[in-house]
Each structure stands twice: as structure tokens, then as C-alpha cells.
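User: I would like to go through how some of the labels used for this model are justified. Could you take them one at a time and set each value against its cut-off?

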Amino acid sequence: MADSEVEDEAITQLRLRQAKALRNVTLFKSPVQTIYYCGCYAANGFYSGAKWVASHPVTLVILPALVAYAGTKWAGYKQNLLTEIEENVKYVVWWVGLGVLSSIGLGTGMHTGLLFLFPHILKVCLAAETCGHFRFDTRYDMWYSSESFKCGEGPGEVVSFADLFKKVILTAVLWGIGTAIGEIPPYWLSYSAAVAGQKNVALVELEEALRPSHQRNLFQCMVARMEQWMVSFIRSHGFFGILLLASWPNAAFDLCGLVCGNFRFPFWKFFGATLIGKGFIKVTGQVVFFVAVFRRDSREAILAWLERLLPARLPGLGSGAQSPARELHLFINRSIAKYQAKVLAKSTAHLAERRWWWRRGLDVLRSRQELQRLMMALIPDTIAEVWSGFMALLMAAFALSCVNAFAQAYRMQLDDAEVIAARQRLAAAREQERKQQ
């Protein structure tokens with residue numbers, strides 16, 4: 001057997017052992033090792049990011065601004081203005097960050113529109129109906145999404161479609177801008193591969209799927225043909241082709257970034273078209289649709305239509321039982337009434353509360369009745385609270401998957417270094433044998 005074949009066999013066996021060990025790098029199988037690897041990967045990323053930020057020209061503007069902010073905060077100057085700035089920064093970071101999470105990861109991102117944005121639109125619609133006006137602050141619907149809005153005081157107003165639209169469109173646009181930013185990694189991955197004279201893995205798989213000899217079912221054939229059409233559409237229409245593909249909920253848009261990067265399409269044209277399509281056109285249509293659905297008149301019309309559409313009785317139920325659609329209608333209205341009552345109660349309590357948050361916490365711990373009331377308030381009894389609990393579970397699962405992914409990425413870096421060292425040892429051993437001969 002030739003020396004090269006022996007070397008390839010040894011490296012193959014090493015890769016197989018590494019792949020087997022990599023499958024055990026999870027929080028459930030090796031928690032200590034996984035947390036250590038995740039910490040190392042995060043520390044390396046933080047160090048690399050800090051070096052990049054320190055060497056970037058923008059830092060010359062950001063760093064003095066941060067120093068001025070810290071000094072102003074410490075001196076107690078313009079506290080109300082600083083509080084407003086802090087709330088706005090948190091609001092922008094939260095919704096833009098959720099948008100990035102929704103689209104980043106080549107199709108593996110978290111569907112934050114379904115989990116956060118659309119429930120936010122529903123909460124705004126319900127709060128506007130409950131309060132009778134729009135003078136409540138929606139910036140606080142973040143970090144803890146089960147938080148109810150506080151109505152405040154003021155005369156009642158007519159809850160119109162246009163006012164609801166204006167109340168939620170900024171949040172939706174921020175989320176849409178985040179989804180556009182999340183499309184940058186596929187572009188850069190493919191662009192870097194093209195500069196290096198290589199093809200992106202996803203494009204290679206697409207070409208393989210389109211070969212006549214490739215075995216595939218009808219669904220795979222349809223997906224492959226659709227992706228092929230998207231590639232030709234982008235190449236033919238450029239900026240406006242990307243704009244059209246980004247202006248509707250396109251689950252295969254990751255391929256657009258891969259194609260643009262592979263053909264070295266100018267970055268700002270790609271990102272500009274994606275930003276306009278995802279950050280403004282698509283979210284505007286989504287806001288119009290969901291505000292129309294979540295308004296009271298539309299909601300009641302849809303539920304009444306379901307009552308007429310679904311059967312009045314289900315087989316096996318008694319004659320006195322109500323229709324399923326009617327039960328659903330009553331259940332939704334009861335949940336909405338509970339949520340609206342909590343909004344009003346929270347607003348009243350907020351206006352009457354004068355204690356600091358840490359003082360309220362101490363009073364709850366000292367009083368058994370207050371502690372019991374707090375525990376009872378944590379039990380979900382409305383659809384919104386049940387959904388918030390479900391959303392918290394999904395967030396926890398997503399966080400666990402991120403920890404596993406970071407740990408495995410660090411382990412793969414170690415494995416690559418081990419393979420390079422093994423190749424060097426084998427090359428040195430082969431060279432030593434030649435000298436001895």
C-alpha cells in the first residue's frame with residue numbers, strides 16, 4: 001500500500017473517531033464538557049469581536065459617546081432623558097435582534113414573527129379596545145412578553161384601523177430590518193467561497209439534485225425546479241428580482257443570498273433590495289393583514305363564520321352539548337375578557353404604586369399572603385399567558401441548541417487542529433524513513 005493511501009486511511013479513522021466523539025458533545029450527555037467548550041467558543045468570539053471593534057474607525061465615534069453616557073449617568077444629569085434613551089435602545093435591540101434570529105442560520109432560525117411579533121400586534125389591538133385610546137407605551141412589550149400594557153389616564157377615542165396600524169408598524173419595521181440583516185451570512189459564505197474559487201455546498205447540492213441521473217421524488221423535483229427558477233430569475237433581473245423575492249414570506253430566500261454571493265453580486269445592491277423588501281414592503285402587508293384579523297369586528301366576523309361552517313354537533317356528544325365552534329367562540333371571548341381585566345387592574349395598581357421595585361420584592365417575601373397571591377398570578381388562565389409559557393419553553397430549547405452548537409463548533413476546531421498535527425506527524429515520519437533508506 002502506498003504511503004499516501006496509508007496516510008489517508010489513518011486520517012479517515014481519526015475523523016471517524018472525532019465524529020463519534022462529537023455526537024456526545026451535548027448538554028444531556030456531557031454537560032460539563034459542553035459548557036466548557038461553549039465558554040471557550042464564546043470567549044474566543046468575544047476576543048475576536050473586541051479586536052475588530054477596537055480596530056474599526058467607527059469606534060472612534062462610539063467610544064467617546066459611551067464615555068459621555070457613563071459620565072452623565074454617574075453625575076445624575078438629565079436622568080429622564082437618559083431613561084428615554086435607554087428604553088429606546090432596548091426596544092430597538094430587542095426587535096431587530098428578534099428579526100435577525102428569525103432569518104439567520106440558513107433556515108434554522110427561530111420563527112420570532114409567529115412567537116413575538118404577531119402576538120404583539122394582537123396585544124396592541126386588545127389593549128386599545130380595553131383602554132379606549134392609544135396613549136399606552138408599547139415599548140415595554142419585550143424581554144418578558146407576558147407583561148400587560150398600562151392604559152394610563154385620558155379620554156376615550158375611537159379605535160380605528162389606521163391608528164392600530166400606526167401603533168404597530170414601527171415595531172414591525174424594526175423586526176423586518178432584523179430579518180434583512182440575518183440574510184447577510186449566507187451571502188458572505190457564498191461570496192467568500194466564490195473568491196476562493198470554490199462553490200458553496202448548498203449550490204453544489206442544487207446542481208446535484210438537477211442532474212437527470214439523480215434519484216428523487218416528486219416533491220424534491222418540484223423544490224429543485226423552483227430553486228433553479230429562482231437562480232435564473234435573480235441572474236436575469238438583478239436588484240428588482242431580489243426586491244420581488246424579498247417582498248413576500250419566502251421560506252427559500254436563503255438561496256437568494258447564496259446565489260448573489262456565488263455570482264459576486266454587489267453587496268449593497270443585494271442588501272438594499274433585501275432591506276426594502278423585507279424591512280418595509282413585506283412587513284407592511286403582514287401588519288395590514290394581522291391588524292385586520294385581530295380587530296374586534298373582524299375577529300367576531302371570523303368566529304361567526306366558523307360557527308356557520310363547522311358542524312353543529314359532533315358524533316357521540318349529547319343533544320345538550322353546544323357546537324365546537326360555539327365553544328371555541330365563547331372560550332376566546334372569555335380569555336380576552338380576562339386579559340382586558342388584567343390590563344385595567346394592572347393600570348390601576350401601577351398608578352397607585354409608589355414603592356421601589358426592590359421594596360416591593362422584600363414586602364412580598366415578608367408577607368405569606370402576598371407570596372401566595374404572586375404564585376397564583378403566575379398560573380396561566382388566559383390564551384395569552386399560556387402562549388407566553390409555551391414561548392418561554394421554545395426560547396429555552398433554542399438556548400440549549402445554541403449552547404450545543406457553540407460547543408460542537410469549538411470541538412470541531414480542536415478536531416481540525418488534531419488532524420493537521422496528525423498529517424504533520426505522518427509527513428515527518430515518512431520523511432524520516434526516506435532519510436534512513
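User: How many aromatic pairs does a search of the whole structure find, and what makes Y36 and Y37 a tilted pair?

Analyst: In this predicted model, the search of the whole structure finds 15 aromatic pairs. Y36 and Y37 are one of them, with 5.9 Å from centre to centre and 50 degrees between the planes; because rings pair when their centres lie within 6.5 Å, and planes neither under 30 nor over 60 degrees apart count as tilted, the label follows.

User: Why is Y36 called exposed, and why is Y37 called buried?

Analyst: Y36 has a relative accessible area of 53%, and exposed means over 50%, so the term applies. Y37 has a relative accessible area of 9%, and because buried means under 20%, Y37 is classed as buried.

User: What makes the pair of Y187 and W188 edge-to-face?

Analyst: Y187 and W188 have their planes at 80 degrees, with the centres 5.5 Å apart, and planes over 60 degrees apart count as edge-to-face, so the pair takes that name. Y187 is buried at 1% relative accessible area, whereas W188, at 39%, is partly exposed. Both residues belong to one aromatic cluster together with F267, W268, F270 and F271.

User: How do you know that the charged end of K167 sits over the ring of F136?

Analyst: The charged end of K167 is 5.0 Å from the centre of the F136 ring, which satisfies the distance limit of within 6 Å; the term also requires a position within 35 degrees of the ring normal, and K167 is listed as sitting over that ring.

Conventions: Residues are numbered from 1 along each chain as its sequence is written. This is a predicted model: local features need pLDDT of at least 70, side-chain atom pairs count only at pLDDT 80 or more; totals for chains, interfaces and linings use all residues. Side-chain values use heavy atoms; hydrogens and water are left out. Rings of Phe, Tyr and Trp (its six-membered ring) pair if their centres lie within 6.5 Å; planes under 30 degrees apart count as stacked, over 60 as edge-to-face and the rest as tilted. Buried means under 20% relative accessible area, exposed over 50%, partly exposed in between (1.4 Å probe, protein chains only).
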